[in-house]
Structure formats: C-alpha cells, structure tokens
Amino acid sequence: MCGRYAASRGPEDLAELFEVEKWEPEETLAPDWNIAPTKNVHAVLERPLKDAEDRRPVRQLRRLTWGLVPSWAKSPDVGVKMINARAETVHEKPSFRRAFAARRCLLPGDGYYEWVTAASERQLEEQGKKKRPRKQPYFVTPADGQVMALAGLYEFWRDRTLPDDHPQAWWVTCTVVTTEAETTPLANADSGEGPQTLADIHPRMPLVMTPDKWDAWLDPARTDVADLLPLLAPPPAGLMRAYPVPTDVSNVRNNGPELVKELAAPEVGTLF
C-alpha cells in the first residue's frame with residue numbers, strides 16, 4: 001500500500017521535469033516530508049484549461065487532496081478510505097473505473113514510507129504481551145536520487161450544500177495506484193540482515209511510472225481499457241533502494257528533512 005510519502009521538490013523543478021505548461025502560484029505547496037491521507041499534494045495532469053476557448057489538453061501542476069471522493073459519493077468522508085487503488089482491479093471498481101479511463105495523474109515525491117514489525121515485537125504480540133507492537137519505518141526512494149512519479153487517479157466531487165460560486169463547492173481529490181511489491185533485489189541489497197526486496201517490507205507498493213510512460217499515462221484521449229492496462233505493469237527491477245529512518249515519522253505531526261535521514265541500523269530491534 002501507500003499510506004505516507006515525502007515530497008520536497010518545488011513547483012519550478014516539477015514544472016521543468018514534467019514539462020508542465022501551466023501552474024498557479026496560489027496552489028504552490030511547501031516541502032512536506034510526512035504526507036498523510038487528506039493532505040494536499042502536488043499532481044501533474046492533463047486537461048483543458050477552465051474557461052479557455054482552446055479545449056486542447058494542457059499539462060498542469062495542480063493541488064489535489066489525497067483520498068479520492070467519487071463523483072457520486074454522498075459525503076467527502078469516503079475519501080479517507082480510498083487513498084489507494086489496486087492496479088489489478090482499478091478498471092473494474094465503481095469508485096475508480098471512470099477516473100482510470102479519463103482522469104489519470106502523476107504524484108511526484110521523493111519516496112514513500114513503509115513500516116516493519118521487529119521480530120521481538122512480533123513475538124510479544126503473539127504471546128499476548130503487547131497489543132500495539134513498535135514498528136520500524138523504512139523509506140523507499142529511487143536509487144538514482146530522481147523524483148518518484150507515483151501513478152494516480154483524480155476525481156471531481158460537487159458539494160451540493162454550497163452555492164456554485166463558493167470556493168469549496170468543488171473538491172478535486174486523488175488516489176495512489178498500488179501493485180504487488182517487487183520480489184527482486186533492491187538496488188542496495190547486501191545479503192545482510194536488512195530487507196533485500198520490497199516484498200520483504202510490505203506485500204504492496206505504489207505503482208511507479210518511469211518517464212517513458214508519462215505521456216501515455218497522462219493523455220486523456222487514451223480511454224480504451226485494453227490500451228491502458230499495459231501501463232499498469234510494474235517498473236523495471238532494481239530501481240529502488242530502501243533504508244531505515246527515525247521512528248519520529250510515525251507521528252504525522254512531525255515534519256522535516258530529518259525524517260528521511262538514513263540510519264545505520266533500525267531503531268526497533270532485529271527485523272529480519
């Protein structure tokens with residue numbers, strides 16, 4: 001799954017990297033090293049500009065809310081349950097299939113966090129001596145230090161309790177597409193005690209889009225499911241590295257670059 005990630009690049013850098021044509025300064029977000037569901041995030045998407053005579057799709061950098069709210073939802077509260085969409089069923093699920101066909105986006109980040117329960121903590125839990133075992137967070141990030149482009153979907157939801165001209169009448173929300181975690185060695189796998197594959201950390205991972213797929217994924221003219229499904233293939237193996245980071249990231253109120261500091265050893269016992 002993907003329940004927390006970090007994104008520190010500014011809009012200028014993202015606009016250059018993703019060849020963005022339009023972004024609004026008022027939608028700029030500060031660097032965030034502890035993005036949790038319901039927070040605002042930067043997203044790259046293509047659609048015609050609002051009120052423009054030229055209806056061609058324009059690549060934009062937009063501010064969306066993480067947690068997709070389907071257009072037919074009665075309340076935006078459902079968004080917190082829809083932070084992830086499984087690649088295997090995204091084209092079938094009522095909550096995601098329309099967005100998959102027409103409203104796809106990229107969610108830029110530095111990497112994502114995943115938590116692993118230490119062996120000693122698992123034993124205490126199994127023995128009934130601990131109900132909430134401590135977990136060691138890991139940060140998964142591109143081995144080459146580049147931006148991680150997570151595959152996403154976005155949707156519009158109209159709050160019928162507000163007038164048309166109200167600034168919060170329309171919600172624009174998103175979800176992260178996930179897939180099975182890689183079982184091939186990580187870029188920094190060393191055959192030691194740490195995780196050797198992403199599957200060692202968690203059975204699911206966000207779907208990372210490599211640059212060769214960006215144009216096709218963002219193209220709103222591509223609506224045929226059979227044409228889109230191949231884009232859901234996982235990226236080539238060995239592109240990611242993973243390392244333990246301070247447990248401070250487990251508290252969503254904590255934020256700052258120190259949360260992605262690589263630790264020499266896990267803080268929470270022996271994990272593997």
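Me: Hi! In which sense do E4 and E5 pair, and over how many bridges?
Reply: Hello! This is a predicted model, and in it E4 and E5 pair in the antiparallel sense, over eight bridges.

Me: Which residue of E5 does His42 stand opposite?
Reply: That partner is Arg63.

Me: And why is E4 largely enclosed by the rest of the structure?
Reply: Because six of its eight residues are buried.

Me: Okay, switching to pockets. What volume does the largest pocket have?
Reply: The largest pocket comes to about 950 Å³.

Me: How many residues line the largest pocket, and which lie nearest its centre?
Reply: The lining has 25 residues, and Glu27, Arg62, Phe156, Trp170 and Val172 are the ones nearest the centre.

Me: Which elements give two or more residues to that lining?
Reply: Four strands do: E2 (22-23), E4 (40-47), E5 (58-66) and E11 (170-180). The biggest contribution is from E5, which gives six residues.

Me: Thinking about polarity for docking, how do the lining residues of the largest pocket divide?
Reply: There are eleven nonpolar residues, five polar and nine charged.

Me: Now the cavities. How many of 30 Å³ or more turn up in the whole structure?
Reply: The search finds two. The largest cavity holds about 50 Å³ of space, and the second largest about 30 Å³.

Me: What lines the largest cavity?
Reply: Its lining is made of Pro70, Ser71 and Trp72, then Pro94, Ser95, Phe96, Arg97, Arg98 and Ala99, plus Glu155. Helix H2 (residues 97-102) supplies the largest share, three residues.

Me: What about the classes there?
Reply: For the largest cavity, you get five nonpolar, two polar and three charged residues.

Me: And which residues line the second largest cavity?
Reply: That one is lined by Pro11, Trp23, Glu24, Glu27, Thr28, His42, Leu61, Arg62 and Arg63. You'll recognise His42 and Arg63, which stand opposite each other in the strand pairing. Glu27 and Arg62 have come up too, among the residues nearest the centre of the largest pocket.

Me: Which element gives the largest share of the second cavity's lining?
Reply: E5 does, with three residues.

Me: Last one: how do the lining residues of the second largest cavity divide by class?
Reply: They split into three nonpolar, two polar and four charged.

Terms used. Residues numbered from 1 in each chain as written. Predicted model: local features only at pLDDT ≥ 70, side-chain atom pairs only at ≥ 80, totals over all residues. Heavy atoms only, no water. 1 Å grid on protein atoms, 1.4 Å probe; cavity = no way out; pocket = protein on both sides within 12 Å on 5 of 7 lines; lining within 4 Å. Points joined across faces, edges and corners; volume = space filled by probe spheres on them. Nonpolar A, V, L, I, M, F, W, Y, C, P; charged D, E, K, R; others polar. Buried < 20%, exposed > 50% of the residue type's maximum accessible area, 1.4 Å probe, protein only. Pairing = 2+ DSSP bridges.
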